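Reader: I should like a close look at one part of this model, namely the strands and how they pair. Please add what is needed to place them among the helices.

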Amino acid sequence: MSDKDHSARRRALGRRFSAAGIAAAAGLLALAPAVHAEENAAGSVEANDPLEGFNRGAFKLGMGLDKVLLAPIAHGYMAVTPKPVRNRVSSAVYNLGEPNTVINQVLQGKPKRAMRATTRFVVNSTVGVLGLFDVAAKMNLPRRDSDFGQTFGYYGAGPGAYIYVPLMGPLNVRDGIGRALDMATDPVGAVAGGIGTDFGKARLGVTIVDVRASADPAFHALKDSSDPYVTTRSAYGQYREAFIRQATGQAEDLPDFDAPPPDASAPAATSTP
Amino acid sequence: MMNTSPTRRGANAALLAFLGAAAIGAPAMAQQARDPNAEAFVQTKAQRVISVLANKGMSEAQKKQVFHQAIDELADVPRVTNFVLGKYARTITPDQRARFAPAFRTYAENVYQDRIDDYKGEVLKVTGSTVRKPGDVIVNTTISGGQISQPLPVSWRVLGGGQTWKVVDVQFKGVWLAITQQQDFVSTIDNAGGNIDVLINQLQKGQGAKGR
């Protein structure tokens, strides 16, 4: 009896949790039109970065911490493991994110994609040995990632202000809220154990090392740029918008190649004689 | 997940309806026209560049040399040079342009070679194209083989017509190289109070220091 009560209470609690998520989503969507209005005609090119001064400081700190903390770990990992092994680890990390992908494809009203992702998770977790091998991809079920940030974007939410969080990297308001929801509603965390458990800690550790190692070419590319802060901001914004277009199927809105953008900002007034 | 209660289903339907209404505002646009000539151009020329970079029998110096020549067949360098300056393309002096163009060219060769080289792919396959407007086409490809575990999507923006095409931008993982460079460069000049020489010096210095 009391057991039944308990489970009913838990279900109610779960429902309240998801209601909170929906409320947050609705709140974000209410902001969407305003955010959209800030975008310019050329699409993803204009930066929305009201906190630039603060963000530049956070970026500097983040890159410094990366240099002494994450980069040595990632480079050590890359030195002792060959690429095929790292690919297996990436597959396993990706596989644990698959249930979250299913949730978001359902929220986006894409039942076929959700079924495919579910099948991928079942096949790869079993035949693929806990996700180490992407067997499903060979069965014509390729990866198709999704997250809450994409779902918000799918329903029209713009990115909002850019934020740089040291050790977490670039984010914006939409994808930051999305990231928090990804973590709060993650089915694997709920079933196998969250950050309080050994599994959760191990998973987080492996994920961080894997993500940092996979991002190494991007860090390498940053060395070529003359303003790494702006390059990171631009690349992240384009990457996320492309990810959302995978869900919406919209064509990309690119600037005309031969027409220089109009002088929107003041510095153009300082034209050289 | 299968035993959804009716109230839950009702709530989900309401949520979807609400979200759906929000989505209607989004313009649906999908140009599906393809351009076989632009596709053939990318298939031939881009594959050639990738084959050179994947060639294990060639020294780094040889690769650089071949890449230096192949880039003119593949890319419209003067157009890209103008594009990456953004709004400063209108205010740059002829003298500055004469110094910027070669500095950017060396810089771009290094960057493009590094980016293509990062992935160590071997085989390029055209998967389709989208005509943005006549003469402005996005050619979609995947690069695979080598050390790539999942086929890597790479898009090429080509301008031209008939049999004559040139690449002006390349997109990896959703990120366009020339668009990103434009923001990088314009920001650098903005932060130098509009002084384009600061960027030119930086490009020239970077090349000296790098030496990879």
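Author: In this predicted model, Ile163(A) lies opposite Leu171(A) of strand β2(A). That pair belongs to the antiparallel pairing of strand β1 (residues 162–165) of chain A with strand β2 (residues 169–172) of chain A, which is made over four bridges. The two strands form a hairpin with three residues between them, and Leu167(A) in the turn has a positive phi of about 70 degrees. Side chains alternate along β1(A): Tyr162(A) and Tyr164(A) are directed to one face and are buried, whereas Ile163(A) and Val165(A) are directed to the other and are not buried. Ile163(A), which stands opposite Leu171(A), is therefore on the face of β1(A) whose residues do not reach the buried class, a class that requires 20 or more other C-beta atoms within 10 Å.

Chain B offers a longer account of strand pairing. Seven helices and five strands make up its elements, in the order α-α-α-α-α-β-β-β-β-β-α-α from the N terminus. The five strands form an open sheet, ordered β1-β2-β3-β4-β5 and paired in the antiparallel sense. At the edges stand β1 (123–133) and β5 (175–176) of chain B; each has a single partner strand, so one side of each has no neighbour in the sheet. In general, strands of a sheet pair through backbone hydrogen bonds, either parallel or antiparallel.

Within this sheet, β4(B) (residues 164–172) may be followed from one partner to the other. On one side, β3(B) and β4(B) run antiparallel and are joined by eight bridges. Among the paired residues is Arg157(B), whose bridge partner in β4(B) is Asp169(B). The hairpin of β3(B) and β4(B) has two residues between the strands, and Gly162(B) adopts a positive phi near 55 degrees there. On the other side, β4(B) pairs with β5(B), again in the antiparallel sense, over two bridges. Here Phe172(B) has Val175(B) in β5(B) as its bridge partner. The hairpin of β4(B) and β5(B) also has two residues between its strands, with Lys173(B) at a positive phi near 50 degrees. Strand β4(B) is mostly covered, as seven of its nine residues are buried. For chain B as a whole, 33% of the 212 residues count as buried. Of the contacts in chain B with a separation of 6 or more, 56% come from residues 24 or more positions apart.

The sheet also has a helix against it. Helix α2 (residues 36–54) of chain B lies across β1, β2 (136–144), β3 (152–161) and β4 of chain B, and runs at about 140 degrees to β1(B). This helix in turn meets helix α5 (residues 94–119) of chain B: their axes come within 10 Å and cross at roughly 70 degrees. The two helices are therefore roughly perpendicular to each other. Val49(B), Ile50(B) and Leu53(B) of α2(B) make this contact with Gln113(B), Ile116(B) and Asp117(B) of α5(B). By class, four of the residues in contact are nonpolar, one is polar and one is charged.

A helix pair in chain A shows another arrangement. The axes of helix α3 (residues 83–107) of chain A and helix α4 (residues 111–126) of chain A come within 8 Å and cross at roughly 165 degrees. As a result, α3(A) and α4(A) are roughly antiparallel to each other, and α3(A) passes α4(A) in a left-handed crossing. Residues of the contact include Asn95(A), Pro99(A) and Val102(A) from α3(A), and Ala117(A), Phe121(A) and Asn124(A) from α4(A). The residues of this contact comprise six nonpolar, six polar and three charged.

Beyond the sheet of chain B, helix α6 (residues 177–191) of chain B contains Asn191(B). Asn191(B) counts as partly exposed because it has 16 C-beta neighbours inside 10 Å. Its C-alpha is 35 Å from that of Gly135(B), a residue 56 positions away in sequence.

Technical notes: Residues numbered from 1 in each chain as written. Chains lettered and ligands numbered in written order. Predicted model: local features only at pLDDT ≥ 70, side-chain atom pairs only at ≥ 80, totals over all residues. Buried ≥ 20, exposed ≤ 12 C-beta atoms within 10 Å, placed from the backbone. Axes fitted to C-alpha atoms, helices over the stretch in contact; angles between N-to-C directions. Parallel < 35°, antiparallel > 145°, perpendicular 65-115°, else oblique. Left-handed = near helix turned anticlockwise from the far one by under 90°. Contact = placed C-beta atoms within 7 Å. Nonpolar A, V, L, I, M, F, W, Y, C, P; charged D, E, K, R; others polar. Pairing = 2+ DSSP bridges.
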